[in-house]
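Colleague: Could you take me on a close walk through the sheet in this one, strand by strand, and tell me what sits against it? I'd like one connected account rather than a list.

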Amino acid sequence: MDSTAIDCFDTSRFEASRNRLASLAYRLLGSAADAEDAVQDAFLRWQAADRQQIKVPEAWLTKVVTNLCLDRLRSAQARRERTAGAWLPEPLLDGDPMLGPADTFEQRESVSLAVLTLMERLSPLERAVYLLREAFSYSHTEIAEILDITESASQQHLHRARHRITAAGRRGSGEVDSASARKIVEEFLAAASSGRTERLVALLTDDAIAIADSNGAGLAKTLLRYDTPERIAAIARAGFKPTPAKRRLAGGTPAVHYALVNGAPAILFVLGDQVIGAVTFDVTDGKIATVRGIAAPTRLVRLTEAWRQHGPDTPLITQW
């Protein structure tokens with residue numbers, strides 16, 4: 001086999017692992033763009049390595065990607081961005097390969113916006129151990145090899161991670177019937193659009209919260225947080241009511257679509273073929289526990305790309 005054929009063969013071996021590596025990187029970083037960068041960096045290292053000495057490419061690549069992600073999480077820039085109060089996980093449209101694997105409840109939960117947000121409470125090592133174990137089913141022996149730690153340290157990190165996530169509370173965790181979730185979201189949208197505050201409050205849990213990166217008049221410097229059903233209802237009523245000023249800010253009259261984002265119900269504001277806003281919902285016991293509003297263009301790039309490949313459907317609101 002000549003060098004060109006070897007390079008092609010080795011490239012195909014990497015490509016066979018790309019989606020799995022991207023899924024791991026996304027879970028670790030909460031950003032599709034950063035995940036793609038980490039996977040590309042891993043590819044460059046794969047090309048530069050003596051590949052004939054790599055006995056198990058999947059294990060080698062997993063170790064490289066995991067440690068590249070840990071370096072990013074530990075960087076000064078990442079710490080500033082994530083502590084500035086303006087960070088939310090990047091939403092992904094269901095069906096995006098970066099969300100896989102999704103065969104078990106633990107795998108699906110690990111990529112939910114709720115858990116991705118909770119993982120900000122973990123140290124980088126705790127996050128890595130938790131995801132490698134819960135989402136990818138690596139043994140503690142394998143995790144110890146990937147992270148250059150002992151097996152007992154891996155077990156301790158997992159114990160602490162599980163405790164912190166449980167203590168923080170998985171708001172809206174658990175499997176939700178898709179038809180019921182859609183009905184709740186449609187009722188929320190109808191009540192917000194019509195200004196029915198009492199109905200909005202009734203759709204929310206008593207401890208519901210709302211988090212947004214926009215106040216309706218532009219992007220906020222820090223995340224906006226609302227922590228009572230009454231405040232959430234008031235801001236939803238004001239935010240969902242269309243006005244000429246909001247349409248000018250949006251650049252037109254968007255349509256409003258129902259979608260599944262990171263496994264949870266969501267509504268998307270779509271102008272032409274561009275997603276200009278996403279509102280996601282965590283649902284528990286038939287009510288909405290968390291509302292997240294994401295409008296930052298940089299956080300909607302990959303979701304927009306996936307939406308453009310999405311089959312046409314009937315919008316909930318044709319012209320908002």
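Modeller: Here's a tour of the sheet, then the helices packed on it, then a quick look at the rest. Keep in mind that this is a predicted model.

Let's begin with the overall layout. The sheet is open and has six strands, ordered β2-β1-β6-β5-β4-β3, with mixed pairing. Its edges are β2 (219-226) and β3 (255-261), each of which pairs on one side only. Ignoring direction, neighbouring strands are turned by 15° against each other on average.

Now walk in from the β3 edge. β3 and β4 pair in the antiparallel sense, over seven bridges, and one of the bridge pairs is Val261 with Ala264 in β4. The two strands make a hairpin with two residues between them, and in its turn Asn262 has a positive phi of about 50°. On β4 itself, seven of the eight residues are buried, so this strand is largely enclosed by the rest of the structure.

Next comes the step from β4 to β5: these two also run antiparallel, joined by six bridges. Phe269 has Gly277 of β5 as its bridge partner. Again there's a hairpin with two residues between the strands, and here Gly272 is the one with a positive phi, near 65°.

One more step takes you to β6. Strand β5 (residues 274-284) and strand β6 (residues 287-294) pair in the antiparallel sense over seven bridges; among the partners, Phe281 is matched with Val291 in β6.

So what packs on the sheet? Helix α10 (residues 178-194) does, touching β1 (204-214), β3, β4 (264-271), β5 and β6, and its direction makes about 145° with that of β3. Helix α12 packs on the sheet as well, with contacts to β1, β2, β4 and β5, and its direction is at about 45° to that of β1.

α12 deserves a closer look. Its buried residues include Pro229, Ile232, Ala233, Ala236 and Phe240. These five cover an arc of only 100° around the axis, which puts them on the same side of α12. The general reason for such a pattern is that an α-helix has 3.6 residues a turn, so residues three or four places apart point the same way. The length of the helix works out too: at 1.5 Å a residue, the 12 residues of α12 (residues 229-240) should span 16 Å, and the end C-alpha atoms are 16 Å apart, which agrees.

For context, here's the largest nonpolar core. Among its 50 residues, Phe14, Tyr26, Met119 and Leu147 touch the most other members. The elements that give two or more residues to this core are α1 (3-29), α2 (32-48), α3 (57-74), α6 (113-118), α7 (124-134), α8 (140-147) and α9 (151-168). α1 gives the most, with eight residues. Apart from this core lies another, of 27 residues, and Val185, Ala210, Val256 and Ile267 are among them.

Back in the largest core, leaving out residues up to four places away in sequence, Met119 touches Arg27, Ser110, Arg127, Tyr130, Leu131 and Ile165. Helix α7 is mostly covered, with eight of its 11 residues buried; Arg127, Tyr130 and Leu131 are among those buried residues.

Terms used: Residues numbered from 1 in each chain as written. Predicted model: local features only at pLDDT ≥ 70, side-chain atom pairs only at ≥ 80, totals over all residues. Heavy atoms only, no water. Helix = DSSP H or I, 4+ residues; strand = E, 2+ residues; numbered from the N terminus. Expected span 1.5 Å × (residues − 1). Buried < 20%, exposed > 50% of the residue type's maximum accessible area, 1.4 Å probe, protein only. Arc of directions from axis to C-beta. Core = buried A, V, L, I, M, F, W, Y, C linked by side-chain atoms within 4.5 Å. Contact = heavy atoms within 4.5 Å. Pairing = 2+ DSSP bridges. Axes fitted to C-alpha atoms, helices over the stretch in contact; angles between N-to-C directions.
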